[in-house]
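Student: Could you take me through one part of this protein in close detail? I would like to look at a pocket and what lines the space inside.

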Amino acid sequence: MQSLHSLICSSLNAFSKVSITHSWAIKSGSITDIYIANNILNGYSKFQDFRYAHKLFDEMFHRDTVSWNTVIAGNVNCGKFEFAWEVLRNMRRFGYELDGYTFGSILKGVAFVNRWDIGQQLHSLLCKIGCIGNVYCGSALLDMYAKCERVEDAFLVFEEMPERNAVSWNALISGYVEAGNRGTAFGVFKCMEEEESVKLDDGTVSPLLTLLNGVEFYQLTMQIHGKIIKHGVESNNKVCNALISSYSDCGSLGDAKKVFDGSFENRDVVTWNSMIGACLVHNKEDYAFKLFMEMQWFGFEPDIYSYTSIISACFEEAHKNYGKSLHGLIIKRGLEQSAPVNNALIAMYLKSNNRSMVEALNIFGSMKLKDRVSWNSILTGLSQLGLSEDALKLFAHMRNLAIEIDHYTFSAVLRSCSDLATLQLGQQVHVLSLKSGLESNEFVTSSLIFMYAKCGIIEDAKRSFENNPRDSSITWNSIIFAYAQHGQGYIALNLFEEMKNKEVKADHITFVAVLTACSHIGLVEQGCKLLKTMETEYGIPPRAEHYACAVDMYGRAGHLDKAKTLVESMPFEPDAMLWKTFLGACRACGNIELASQIASHLLEVEPEEHCTYILLSDMFGYLRRWDERANVKRLMRERGVKKVPGWSWIEIKNEVHSFKAEDRLHPNSDQIYFVLEVLMFEFRTTLDVVDDDFDVLIDNVEDLALFSDPIPVALFSESGM
């Protein structure tokens, strides 16, 4: 494997040879030989040194079609289409004949800049000069239309071609692949196989393999693999890489690994990246880290994609140290100013369990060039961590700097509006999404539904759902959740039936929403049936959040014994979220003994989590077991655990007023506390309760939300809203 240094040296040596040849040609007078001049011109073009290339071209005594084609191709290859187009016009103006190579180069440039209107002019010119029947010109024209997303025009060109080669067939197949037309792409492939004069190659199968991205296509992937071996292209890098990705997408990491192992002598960086990506998709982070180390041992330098992929494996606590090591390696390799790498690092720090917002902000602040992803990552992080006011301030700053706003931005901002229950601000963001033309985006629509539902305006949530496309499970999940949370479970279940009738594919979040609806309206039997048939009828294995919904459902219905049986029969160990839900069910059913056992386990797993202490303390207080309640309070003090105060918001005249327990920061706090004392006095008098009972009652009211429906909040984060 050649090192980067040796490649640079060889490139410099090759360029020096071109310069030396040019000097020799001038000195010997052979520069007037058009063949020698064209070769030197081609050398400069390959190294993209157009200062010398254009100077030589201008000074050439004699030019031919090859000279013009060389300059056109060189400019197209380095992305200077406008200059290449101007050279072509001059070529015609000076009366030089255009050939297949001329059209091939310029049509490539047309496709790159997506100027199909210029492509149509060239199409007319080809017809005018009689070159449309040339297989090289026809293939280039077909490829241009396909890459400009005008596959119907590409097919018409294909139909009119008197002669077709592999390039023609491959270009048409690629066009249908880019359009996502799987059936037609494989139909063209089948017709291509029937042509004896055309041989299948890497350009044929690689695009087709990108369409095989589901479990249902596993057998078809194996058939294509067989054809690849039959035609002898299995050692091609491009084919190997596509096969690894396809097998991974079809759910077979084992077959992907076999292809990877069999490509030992032909691997490139993309091969390693493909296998690392496959491991990460299948949650094999440890093997991905091993591959990342091995690729360097074998002399392959990781690229930006390698780093961004492996960084995404460092979100969990178990791999947190790997993430910091990778951060150090990135600095050592001089990639600390790469926007994609920095964006991946920001996401890693934000999504890691320790929620390292400070580190993410430090990276963001050190970036000289921030792109839209950078801003959105920080904005989403602030929103997901509950720093909603900071998120809204950052959004305002983005607007002032004229940063481009996309659907991710709107989703994060609308979530912050939801958390603060600021209806008027949410409506303003809604108007902005309308002006931006992004209201119909599935993520924006979903966030609008959630925002209106959270602000108590279920009618506007319904209107947002009905006025936008309903072909994605994301929007259906949000509206089902909205009605479930508003206690209208039957409407939520009807929506689920409508979703099935419209053949919108349900996902795991859909079932969390439906189970939540069943829980809220007491449909225990229907909820149990859904949980049992998720995998058999819908192909979705139940996750921890589905079992948590079922436990909550049993707890609300008073069936604590069934909740316990369900937890014990789970195919995997319950996580902290599920134990908390079970603890909430124990509270609802008044089973203090079982609650104590669960709380003891939770206090070992999450000793710093205040919710468990608070709920257990409240239960002991409710049952007048004052000694046990005092023990829990003492344990909190010994462990330094403090109850995180709940916040409340109220919006008055476009201004949000926030409050927390014992808060005296508000300018009108004296008047507020005076009114509160009056209300408390009336409350005591009306209920006629003793002081201890009243304190327990107030504690229960304050802590009511701690364990009620944690699932929708978790899923809101999971769905990227």
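Tutor: Here is a walk through the second largest pocket, with the whole protein as a frame and a surface patch to finish.

Keep in mind that this is a predicted model. Start with the frame. The protein has 40 helices and 2 strands. Along the principal axes, its C-alpha atoms fill a box of roughly 110 × 55 × 50 Å. Of the 721 residues, 47% are buried.

Now go to the pocket. The second largest pocket holds about 390 Å³ of space. Its lining has 21 residues. Find the centre of the pocket. Gly-104, Ser-105, Lys-108, Tyr-136 and Ala-140 are the lining residues nearest to that point.

Next, trace the helices. Four of them each give at least two residues to the lining of this pocket: helix H4 (65-77), helix H6 (100-113), helix H8 (135-147) and helix H10 (166-178).

What classes of residue make up the lining of the second largest pocket? There are 10 nonpolar, 7 polar and 4 charged residues.

Last, turn to the surface. Phe-674, Val-675, Leu-676, Val-678 and Leu-679 form a nonpolar patch there. Together they have about 460 Å² of accessible area. Take Phe-674 from this patch. Phe-674 sits in helix H38, which covers residues 669-687. Why is Phe-674 called exposed? Its relative accessibility is 59%, and exposed means over 50%, so Phe-674 counts as exposed.

Definitions and conventions. Residues numbered from 1 in each chain as written. Predicted model: local features only at pLDDT ≥ 70, side-chain atom pairs only at ≥ 80, totals over all residues. Heavy atoms only, no water. 1 Å grid on protein atoms, 1.4 Å probe; cavity = no way out; pocket = protein on both sides within 12 Å on 5 of 7 lines; lining within 4 Å. Points joined across faces, edges and corners; volume = space filled by probe spheres on them. Helix = DSSP H or I, 4+ residues; strand = E, 2+ residues; numbered from the N terminus. Nonpolar A, V, L, I, M, F, W, Y, C, P; charged D, E, K, R; others polar. Patch = residues over 30% accessible without salt bridge, like charges linked within 9 Å, V, L, I, M, F, W, Y side chains within 5 Å. Areas by Shrake-Rupley, 256 points an atom, 1.4 Å probe, with all protein chains shown as cover. Salt bridge = Lys/Arg side-chain N within 4 Å of Asp/Glu carboxyl O. Buried < 20%, exposed > 50% of the residue type's maximum accessible area, 1.4 Å probe, protein only.
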